[in-house]
Amino acid sequence: MKIAVCVKQVPDSETRINLAAPAAKLDQTGFTRVLNPYDAYAVEEAVRIKEARGGEITAITVGPETVKETLKKDCLAVGCDKAIIINDPALAGADEAAIAEVLAAALKQGGYDLILFGIKAIDDDSGQIGILVAEKLGLPHVATITKLELGEGTLTAHREIEGGKEIVDCPLPAVLTCQKGLNEPRLPSLPNIMKAGMKPMQVVTCADLGLTPPASLVEIRQYSPPPARGTCRLVTGDDAAAAARELARVLNEEAKVI
Amino acid sequence: MANIAVFIEQRDGAFKKVAWQMISQARKLADASGGEVWGVLLGGDPAAAAALAGKHGAHRLFAAGDQLERYDSERYGTALAAFCRTQKPDLVLIGATALGRDLGPTAAAKLGCACISDAIALKFEGGAWEVRRPIYAGKCFVDVVPKTAPAIVGIRPNAFVAQDGGGAAAAVTAFDAGQAQVTPRAIVREIVGSDGGRVELTEADIVVSGGRGIKGPENYVLIEELAAALNAAAGASRAVVDAGWVDYSHQVGQTGKTVGPNLYIACGISGAIQHLAGMSSSKCIVAINKDPAAPIFKVADFGVVGDLFEVLPALTKAVKEIRG
Ligand SMILES: Cc1cc2nc3c(=O)[nH]c(=O)nc-3n(C[C@H](O)[C@H](O)[C@H](O)COP(=O)(O)OP(=O)(O)OC[C@H]3O[C@@H](n4cnc5c(N)ncnc54)[C@H](O)[C@@H]3O)c2cc1C
């Protein structure tokens, strides 16, 4: 079974965003970068499938060469067999549609049975890429999966919806986007990180994929800080129960939210 | 003239209220820009949808029912794309629900149009739509302008207020959703509810969440009791989910659900940035925490510094008295 896992390197979630004035660009110097946490579920699921039935896993990303460390530690060292980095200066600032176009072109060359994504990246939070790629490749997709069973040439996935789940049957090849609950991602061991350095990592450009860098369909007008919240009003009373009663009164009579 | 189409989501005939929130907002934008608001219904009952859509400000309702009773991305994506090709709306609004987050990009790829996820504000400025959405876990807002027409925009539930303008039922037009050309491959075999009758986090008006401060799974009932008294949804921090005290479907935050209720009550939650990511757009935030230095107080509107084991039962009782 040939599996592709599409991953992204993102600023870690503690990263401070400094935006003094409204800006049309974001200063990203000094960000610590990690594997997008949702992608870890996709990588883990691919590795489990390989362990159960054999096969080969290719990790694919669009990004600058600095993604190599993340690919090595969080993909190759936990069981992926090789990595492809699509690094093209023309893709700086590319939107979801453009990135999906590029990934689809790279995936088309691989003949994969299964293509896995995280449900979204925690930096831009858009959650579209996996679905866009499926459509561009003409493949069926199941998004937001929390359980996966593979049959012969088919799969059954559980997909999270409000207050429940959908059980979906789908033929291979297919695209899946992975959600928390699917598995518990393993951590890389030091010896495996060392060994991962020997695994193949290929860097390609759009031209190598036979592609003119695709245009973005959206334009970013500006970044701005979220509105500041007012100060917190502490509600007190003679004891905890009195404070609770006062809180209920304030929420009811003043804030009018209950 | 800018016509705005609003996708009206239904499951088993029940409509998601985000549809009426979007229609109300779309009506304001359309009145300003000189266009119409159209509801788009796939499956479900057109008469019921037309009445509610009209009441909230829609001019027309486009409906297609053939093989669209239950969601699957291939049939629904084809239907929405077919609608856009024939009616040519400038903007399509879809609730950022589980279904909407799947349908938006599916239809956008078929149309080759822009798709913007999970917006919290929308305006028409300088001759273009400007869509505001939080990124980087809500630490930053970005204003995005789509360069295509139509553009598909996902709207976070509760970002807008539903307004009953008392309008007459929208006029219903049936449309050909192109289903003759689709044989779906990914088929929803079964839908299983996990928690019957529970108020759903992402669309709740009030959310009560518990954190590690509740100390153990047996105490989550304190959260559930307050939630029940308020007709609220019950959430949790990741610490509680990872400890196995509640199912991950309750998790609020960066790697959990995004909620935007009128009232969010955080009990025994420190207020880590990843938790704030999921709830900082709540209109009113209440923190109950025994540590006065907990970061949650920096985002809260009201706070009680105290032991949740004493505060919560008293609060539940007081709420029950107020709400009768
Ligand atoms: C990549 C990544 C993603 C993450 N995603 C999420 C996410 O989606 N959601 C999320 O919530 N977290 C997430 N986290 C984890 C987050 O960083 C915090 O660890 C987590 O939110 C802490 O949960 P907590 O506030 O319940 O626990 P703690 O930080 O342990 O806080 C417990 C609080 O309870 C208070 N307390 C204790 N006892 C009482 C009492 N008797 N009465 C009143 N108060 C009491 C304490 O004062 C303390 O403030 C993520 C972390 C990472 C690295």
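A polar contact is a pair of N or O atoms within 3.5 Å; within protein, one must be able to donate a hydrogen and the other to accept it, and residues adjacent in sequence count only if both atoms are side-chain atoms. By this criterion, a nitrogen atom of the ligand is 2.8 Å from a polar backbone atom of B:Leu308.

The model is predicted: local features need pLDDT of at least 70, side-chain atom pairs count only at pLDDT 80 or more, and totals for chains, interfaces and linings use all residues. Residues are numbered from 1 along each chain as its sequence is written, chains are lettered from A and ligands numbered from 1 in the order in which they are written, and side-chain values use heavy atoms, with hydrogens and water left out.

**The ligand and its surroundings**

The ligand lies between chains A and B. Around the ligand are 28 residues (each with a heavy atom within 4 Å), and B:Arg212, B:Ser237, B:Thr255, B:Ser270 and B:Gln274 come nearest. The table lists polar contacts of the ligand.

| Ligand atom | Protein partner | Distance |
|---|---|---|
| Nitrogen | B:Leu308, polar backbone atom | 2.8 Å |
| Oxygen | B:Arg238, polar backbone atom | 2.9 Å |
| Oxygen | B:Gln274, polar side-chain atom | 2.6 Å |

Taken alone, the ligand exposes 990 Å², and the protein buries 80% of that area (Shrake-Rupley method, 1.4 Å probe). The shell comprises seven nonpolar, 15 polar and six charged residues; here Ala, Val, Leu, Ile, Met, Phe, Trp, Tyr, Cys and Pro count as nonpolar, Asp, Glu, Lys and Arg as charged, and the others, Gly among them, as polar. In chain B, α6 (238-242), α7 (273-279) and α9 (308-323) each supply at least two residues of this shell. Helices (H or I, at least four residues) and strands (E, at least two) are DSSP runs numbered from the N terminus.

**The second largest pocket**

A pocket is an open set of points on a 1 Å grid over the protein atoms alone, where a 1.4 Å probe fits, with protein on both sides within 12 Å along at least five of seven lines; lining residues have an atom within 4 Å of a point. The second largest pocket is lined by 33 residues, including A:Pro226, B:Gly138 and B:Lys139, which are among those nearest its centre. Helix α7(B) gives the most to this lining, with three residues. The lining divides into 15 nonpolar, eight polar and ten charged residues.

**A residue of strand β18**

B:Val305 belongs to strand β18 (residues 302-305) of chain B. B:Val305 counts as partly exposed because its relative accessibility is 38%, between the limits for buried (under 20%) and exposed (over 50%).

Definitions and conventions: Buried < 20%, exposed > 50% of the residue type's maximum accessible area, 1.4 Å probe, protein only.
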